[in-house]
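User: Please take a close look at the nonpolar core of this chain and set it in the context of the whole fold.

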Amino acid sequence: MTRAHLPGILAMAAIVLASNILVQFLFGQWLTWGAFTYPLAFLVTDLMNRLYGPRAARKVVFAGFLVGVLCSLIGTQIMLQGDGYTYPAVTLRVAIGSGVAFLTAQLLDVSIFDRLRDRRWWAAPLASSLIGSSVDTALFFTIAFSGALTAIEPANDVSWAGEVLPLLGVGPMVPLWVSLAVADWGVKLAIALVALIPFRLIVARLQPVRPV
């Protein structure tokens, strides 16, 4: 760990912390505000990978993972009330889904980026973010809300997420959690494209150093 890695670690921790808070606030019918902050984690990982190499990027990923685990542990102990029920702010399934999805997708992002780092400047960040985001969405929503995985937390009723509705209100009939996943995935892909601009500008300004 060096001082040069500290900005990336702090940025990742801030993004994960903000996303854990903002995910509690809805944006429209299919999204939360956290959907707009969380994808920035891929930008931080890719910048660290380009500037300092895969080892530094993995350190940043693990720092974000630890912050996420801490937020989840705190959330499971905070009890909320509504509609005559008492429930934790973060359920076990959401905590597990969040942790597994984050760590798997971010480490996959690091690996893909490293394989493509010698191609055109946009190839590595774009491909790694798109693939990592897709894996992240699939893992999180399946673990957290799929009716097929109720054994993870039998006491947690996620039947609301299994309600069959038109996809995003207009498409074929699918469980609600699938619509939530598709909307989340779409935002991640859009941000992955937009993030190429700050990625290019920051890398050009700081100049890559030898990977460590």
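Analyst: The answer below starts with the basis of the values, moves to the whole chain and then to the core.

This is a predicted model, in which local features need pLDDT of at least 70 and side-chain atom pairs count only at pLDDT 80 or more, while totals for chains, interfaces and linings use all residues. Residues are numbered from 1 along each chain as its sequence is written, and side-chain values use heavy atoms, without hydrogens and water.

The chain holds eight helices and six strands; these are DSSP runs numbered from the N terminus, with at least four residues for a helix (H or I) and at least two for a strand (E). Their order from the N terminus is α-β-β-α-α-α-β-β-α-α-β-β-α-α. The radius of gyration is 18 Å, close to the 17 Å of the globule rule for 212 residues, so the chain is as compact as a globular protein of that length. That radius is taken over C-alpha atoms, and the rule is 2.2 Å times the number of residues to the power 0.38. Along the principal axes, the C-alpha atoms fill a box of roughly 55 × 40 × 25 Å.

Of the 212 residues, 44% count as buried. Buried means under 20% relative accessible area, exposed over 50%, and partly exposed in between, with a 1.4 Å probe and protein chains only. Contact means heavy atoms within 4.5 Å; of the contacts between residues at least 6 apart in sequence, 67% join residues at least 24 apart.

Now the core itself. A nonpolar core is a set of buried Ala, Val, Leu, Ile, Met, Phe, Trp, Tyr and Cys residues joined through side-chain atoms within 4.5 Å. The largest one in this chain has 20 residues, and Met-12, Val-44, Met-48, Val-60 and Phe-102 have the most contacts inside it. Four helices each supply at least two of its residues: H1 (6-22), H3 (40-52), H4 (54-77) and H5 (92-116). The most comes from H3, which gives six residues. Val-44 can be followed further: leaving aside neighbours within four places in sequence, Val-44 is in contact with Gly-8, Ala-11, Met-12, Ile-15 and Val-60. Apart from this core lies another, of 16 residues, including Leu-31, Ala-144, Ala-161 and Ala-183. In soluble globular proteins, nonpolar side chains tend to be buried together.

Some residues that are not buried complete the picture. Ile-131 lies in helix H6 and is partly exposed, with a relative accessible area of 40%. Not counting residues up to four places away in sequence, Ile-131 touches Leu-108 and Ile-112. Its C-alpha atom is 7.3 Å from that of Asp-109, 22 residues away in sequence.

Gly-147 sits in the loop between helix H6 (123-145) and strand E5 (164-166) and counts as exposed at 51% relative accessibility. In the loop between E5 and strand E6 (173-175) is Leu-168, partly exposed at 31%. Leu-168 has a positive phi of about 55° although it is not a glycine. Most residues other than glycine have a negative phi. Gln-81, in strand E3 (residues 79-82), is exposed at 70%, and its C-alpha atom is 26 Å from that of Val-178.
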